[in-house]
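Trainee: I would like to learn how to read a model feature by feature. Could we go through one together?

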Amino acid sequence: MGSLIAENNIVLSADDKDTTLADRNTFATRVAGLGSDPEKKALFASVTKRIDYTPRFGTELHGIKLSQLTEQQSEELAALIAERGAVFFRDQDDLDYKEHVKLGKRWGPLHVHPLVPHNQDNPEVIVLDSRLSPPSRFNTNDSWHSDVSFEPAPASFSILKFEEIPEAGGDTIWSNGYQLYDDLSQPIKTLLEGLTATHSSDIFKILTQSSGRKTFGKLNDSIHPVIRTNPVTGWKSVYVNPVFTREINGLNPVESKWILDYLADLVAKKLQYQIRFHWKKDSVAIWDNRSTYHTGVPDFRPYQRRGVRVTVSGEKPFYDLASGTQAKAWEATAKAIIAKQELADKAAEKAKAAAQGTASATTA
C-alpha cells in the first residue's frame, strides 16, 4: 500500500519506503539560548511592543519578523522562551514552510513525528487540520501534554502557526511547570525529585492498531525524571503529563496513579499557572516543552482550522539537585516591580498634594 496523501500534499500514512522516516530523530548537540545576553538587547531592539500575559508566564512581542531574525536575536529569543514559557507573535505571513523549518533548525534538529500527518516536501512540518478524516485527537486536541515526551530526546521548542482560524473558539492554553513545582510542599518535592517516570506512545499504538495505518518510524517509550532541570534557566519543573506518562517507576500502580492524577489536576485547574492565547491568522506561538504543558480547546465546531508546526528535538532530560527555581529567580524582579510601583504612588501623591495646594492658594 502506498502513502495516503490528502489535498495540499499532506501525507496521512506511511508506505514501505518512509516507515523509517522518523528514525533519523536525534538529540540536540547544543542548548539553544544558553549563555546569550541576559538583557536580550539585540532582540528587544526590534520589539515595538511587549505584552506580558502574567508577571511570570507568557509574552507577546510586536515588531518582530521571525523570518528576519539574526543569529544573535534567535539565541536571545530561545532564552526568552525558556524563561517565559511561551512567546507569541502576530502577522507572520512571510513565515512559509521553508522559513518555518529554517527557524526551528537554528535551535536544534527537527523532529519527524512517527504518526501525525506531515507536509510531503517537508516531513518535519506536521499539519493540524480539523478537516482530516477521520477526525483524531491530534487535530482537535483537548488533553494537557508536553510534545512528544515519549521520545528519548523530547521536544525543547515547538513552533506553531495557524494558517486558517475559526470565526470563534479554538484557543490554546498553556500551564507553567515551573510554578507547579514551586508551589508543591517540600516533602512532596523531596519525594518527586528522586523518581523517574515512563513516557509512552501508547495512545498512538492504539490508533495504529484500530486504523491499520503504518507509522513513519518507531513508536518509542522513554524514561525521564519526574522533576526536570531546564538547561537554559537552570530552574526545576515538573515533567509528567496525562497523555504520555504511563507510570512513575518504583511505585505500585495505586501510588503512581494517585501522584500522576494529583499533578494533572493541578495543571488543569490552577488558573494562576495558565495563560490563554487567542489565535488570529498568521499568528505564531513558540513554547518550551521542558517547562510547560498545553492543550487545545475543541470548542470551534462547526468552524474549521488548519495549522502547521515544527518541533525541535532537545537534550536527554536530566535533573540537577543544585538547580534553582523560578520562584527564587523571580524574587529580585518582584522587589523591583514593587519598588517601582511605590515610587510611582509617591510621585502621584506628591503631585496630588501640589495640585491641591495650588488650588487652595488660587481660591485664597
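Trainee: Let me start with strand β10: how many bridges join it to β14?

Mentor: Look for the bridges first, then for the direction of the two strands. In this predicted model, β10 covers residues 196-200 and is joined to β14 by 3 bridges, with the two strands running antiparallel. To see the register, find Thr-198, which stands opposite Glu-247 of β14.

Trainee: Which strands make up the sheet around β10, and in what order?

Mentor: Read across the sheet rather than along the chain. The order is β11-β10-β14, an open sheet of 3 strands with antiparallel pairing. Its edges are β11 (221-225) and β14 (245-248), each pairing on one side only. From one strand to the next, the twist averages 25°.

Trainee: And which strands form the sheet that contains β9?

Mentor: That one has the order β15-β9-β17; here too 3 strands form an open sheet, and the pairing is antiparallel.

Trainee: Why is one side of β15 and of β17 left without a neighbour in the sheet?

Mentor: Count the partners of each strand. β15 (274-277) and β17 (292-296) each have a single partner strand and stand at the edges, so one side of each has no neighbour in the sheet. The twist in this sheet averages 20° from strand to strand. For the detail, take β9, residues 172-176: 4 bridges pair it with β15 in the antiparallel sense. One position to pick out is Ile-173, whose bridge partner in β15 is Arg-276.

Trainee: Now for pockets. What lines the largest pocket, and which residues lie nearest its centre?

Mentor: Start with the volume, then ask who supplies the walls. The largest pocket holds about 320 Å³ of space. Its lining counts 17 residues, and those nearest the centre are Arg-50, Pro-55, Arg-84, Trp-330 and Thr-333. By class, 8 of the lining residues are nonpolar, 2 polar and 7 charged.

Trainee: Which element gives the most to that lining?

Mentor: Helix α8 does, with 5 residues. At least two lining residues come from each of β3 (49-52), α2 (71-84) and α8 (326-363).

Trainee: What should I look for in the backbone of the loops?

Mentor: Check omega before each proline, and the sign of phi elsewhere. Arg-301 and Pro-302 are joined by a cis peptide bond, with omega about 10°. Pro-302 sits in the loop between β17 and β18 (306-313). Lys-40 is not a glycine, yet its phi is positive, near 55°; this residue lies in the loop between β2 (10-13) and α1 (41-44).

Trainee: Where does pLDDT stay under 50?

Mentor: Begin with the chain as a whole: pLDDT averages 93, and 95% of the residues score at least 70. The stretch you ask about is residues 134-141, for which the model has 22 contacts beyond four places in sequence. Where pLDDT is low, predicted coordinates should not be read in detail.

Technical notes:
Residues are numbered from 1 along each chain as its sequence is written. This is a predicted model: local features need pLDDT of at least 70, side-chain atom pairs count only at pLDDT 80 or more; totals for chains, interfaces and linings use all residues. Side-chain values use heavy atoms; hydrogens and water are left out. Two strands pair if DSSP finds at least two bridges between them. Axes are lines fitted to C-alpha atoms, for helices over the stretch in contact, and angles run from 0 to 180 degrees between N-to-C directions. pLDDT is the predictor's confidence in each residue, from 0 to 100. Contact means heavy atoms within 4.5 Å. On a 1 Å grid over the protein atoms alone, a cavity is a set of points where a 1.4 Å probe fits but cannot get out, and a pocket is an open set with protein on both sides within 12 Å along at least five of seven lines; lining residues have an atom within 4 Å of a point. Grid points are joined across faces, edges and corners, and a volume is the space filled by probe spheres set on the points. Ala, Val, Leu, Ile, Met, Phe, Trp, Tyr, Cys and Pro count as nonpolar, Asp, Glu, Lys and Arg as charged, and the others, Gly among them, as polar.
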